[in-house]
Amino acid sequence: QVIRKGVNMARFQLAAEHRKTAAGILVSFHAKWSEKINAGQISVVFRKRLPLVSSPTVMFAYIGSPKSEINARLPIESIEELSIAECFALSDRGAITQREIERYADGRTHLRVARVGAPLVALSPVTLDLLQTRFDFFPTPNFISLSDEGVQALSALGNFERPREKGLVKD
C-alpha cells in the first residue's frame, strides 16, 4: 500500500498491484492542457515522475478542476529520462516554452519524457464523481499505474475515439 498526504493510493480499484506490472498510467494535468491534448498538439509529456521500470502502453489524461475528468487516451511510444537541455529541444512537441520547462523542473537536471501518439478523445468523459463512487479514486499530482483491468474499464467508460475535424465529418 502507498499512502501519500493521507490518501491510500492502493484503494483505487483500477491500480496495478505493482508499478512493474502497469499496463497503463493515469496522469493528472492542469485544465489548461485539455484542449492541446485533445487537438493532438502534444506528442511529448514532461513530468518529474513517470515509470521507468515498466512499459505502460497507454496514458489516460485526467484533467483537473474545473473539468475534473478523464477526457483523453494516448498511446505511449516510449518513456525516458532526458536532460533539461534535451527537453528544451522537444519543447515545441509538448506545446510548452523552454521557460515553462525550466520553472517546472525547479532545479532538476533531468525530467521524464513520455512520447505519445495521437489522442483518442472520450465521447463520455469519465468524471471525478464516477471515479470516486465506483473506484475509490482520488486525484494525485503525479501518476497512477493501472492494471490491465483498469485500462479496459476506463477505455469502456470513456468510449474513446479519434477527434473529428470540424467541417469534415457530418453527424
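Mentor: Relative accessible area sorts residues into three classes: buried means under 20%, exposed over 50%, and partly exposed in between, with a 1.4 Å probe and protein chains only. Bear in mind that this is a predicted model, in which local features need pLDDT of at least 70 and side-chain atom pairs count only at pLDDT 80 or more, while totals for chains, interfaces and linings use all residues. Residues are numbered from 1 along each chain as its sequence is written, and side-chain values use heavy atoms, with hydrogens and water left out.

Trainee: Why is E81 called partly exposed?

Mentor: E81 has a relative accessible area of 43%, and because this value falls in the range between the two cut-offs, E81 is classed as partly exposed.

Trainee: What makes the pair of R112 and E81 a salt bridge?

Mentor: A salt bridge needs a side-chain nitrogen of Lys or Arg within 4 Å of a carboxyl oxygen of Asp or Glu. The closest N and O atoms of R112 and E81 are 3.3 Å apart, so the pair meets that limit. R112 lies in strand β7 and E81 in strand β6, 31 residues apart, so the pair links distant parts of the chain; strands here are DSSP runs of E with at least two residues, helices are runs of H or I with at least four, and both are numbered from the N terminus.

Trainee: How do you know that R115 and E80 also form a salt bridge?

Mentor: Their N to O distance is 2.8 Å, which is within the limit, and therefore the pair counts. R115 belongs to strand β7 (residues 110-116) and E80 to strand β6 (residues 69-83).

Trainee: What does the salt bridge between K32 and E100 tie together?

Mentor: K32 lies in the loop between β3 (24-29) and α1 (34-38), and E100 in helix α3 (residues 98-105), so the bridge ties together parts that are 68 residues apart in sequence. The closest N and O atoms of this pair are 3.6 Å apart.

Trainee: Why is S147 called buried?

Mentor: The relative accessible area of S147 is 13%, and because that is under the lower cut-off, S147 is buried. Leaving aside residues up to four places away in sequence, S147 touches L14, A15, A16 and A23, where contact means heavy atoms within 4.5 Å.

Trainee: What makes K48 a charge over the ring of Y104?

Mentor: The rule asks for NZ of Lys or CZ of Arg within 6 Å of the ring centre and within 35 degrees of the ring normal. K48 lies over the face of Y104 at 4.8 Å from the ring centre, so its distance satisfies the rule.
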